[in-house]
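I opened this notebook to record what I looked up, beginning with a single aromatic side chain and working outwards to the chain as a whole.

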Amino acid sequence: QVQLVESGGGLVETGGSLRLSCEASGSFLSLNVMAWYRQRPGKERELVAEIRNGRMANYADSVKGRFTISRDNTRDEVYLQMNSLQPEDTAVYYCFSKVVIGWGQGDYWGQGTQVTVSS
């Protein structure tokens, strides 16, 4: 069983910063893509940023220059540094990973962490 557990969400004022963390635990061989998604009120879940095992990162246009994704393969963790936060960044943020297990690869999600940016 693989679990992804997020932490670091909360309430912040416009222009502030937060750092989200996500730790993978359980029995697996490796973590391929690790990513952060978010679901804003009344919206579909959307990709915020992803980072592959080779550390190549991609970002949604709306967060480029403000958010930075990184990973620590020794700790099986992925992070999202969020700067210059805006009210439109308010959302539930989900950690996602494509996890290599003995039988193949599976998609796993965390439970989500709330980020609220006050105006």
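**Entry 1, a buried ring.** The model I am reading is a predicted one. I looked up Phe96 and found a relative accessible area of 6%, which counts as buried because the limit for that word is under 20%.

**Entry 2, ring pairs.** I then asked how many aromatic pairs the structure holds. The search returned four aromatic pairs. For Tyr37 and Phe96 I noted ring centres 5.7 Å apart and planes at 75°, so I entered this pair as edge-to-face, given that plane angles over 60 degrees count as such. Tyr37 belongs to strand S4 (residues 30-39) and Phe96 to strand S9 (residues 91-101), so the pair ties together parts that lie 59 residues apart in sequence.

**Entry 3, another pair.** Tyr94 and Trp109 have their ring centres 6.5 Å apart and their planes at 85°, so this pair is edge-to-face too. This pair also links distant parts of the chain, with Tyr94 in strand S9 and Trp109 in strand S10 (residues 104-109), 15 residues apart. I checked whether each partner is buried or partly exposed. Tyr94 is buried, at a relative accessible area of 14%, whereas Trp109, at 38%, is partly exposed. Putting the pairs together, I recorded that ring pairs link Tyr37, Tyr94, Phe96 and Trp109 into a cluster.

**Entry 4, the fold.** I moved on to the secondary structure and counted eleven strands and zero helices in the chain, so the pattern read along the sequence is β-β-β-β-β-β-β-β-β-β-β, strands being taken as DSSP runs of at least two residues. The radius of gyration is 14 Å, close to the 14 Å that the globule rule gives for 119 residues, so the chain is as compact as a globular protein of that length. Along its principal axes the C-alpha trace spans about 45 × 25 × 25 Å.

**Entry 5, contacts and surface.** Among contacts between residues at least 6 apart in sequence, I noted that 54% join residues at least 24 apart. Buried residues account for 44% of the 119 residues. The accessible surface of the chain comes to about 6,200 Å², and carbon and sulfur atoms hold 45% of that area.

**Entry 6, charges.** Finally I asked how far apart the mean positions of the positive and negative charges are. For the 12 positive and 13 negative charges of the chain, the mean positions are 4 Å apart.

Technical notes:
Residues numbered from 1 in each chain as written. Predicted model: local features only at pLDDT ≥ 70, side-chain atom pairs only at ≥ 80, totals over all residues. Heavy atoms only, no water. Helix = DSSP H or I, 4+ residues; strand = E, 2+ residues; numbered from the N terminus. Rg over C-alpha atoms; globule rule 2.2 N^0.38 Å. Buried < 20%, exposed > 50% of the residue type's maximum accessible area, 1.4 Å probe, protein only. Contact = heavy atoms within 4.5 Å. Areas by Shrake-Rupley, 256 points an atom, 1.4 Å probe, with all protein chains shown as cover. Lys, Arg positive; Asp, Glu negative; His and termini not counted. Charge placed at Lys NZ, Arg CZ, Asp CG, Glu CD. Phe/Tyr/Trp six-rings, centres within 6.5 Å; stacked < 30°, edge-to-face > 60°.
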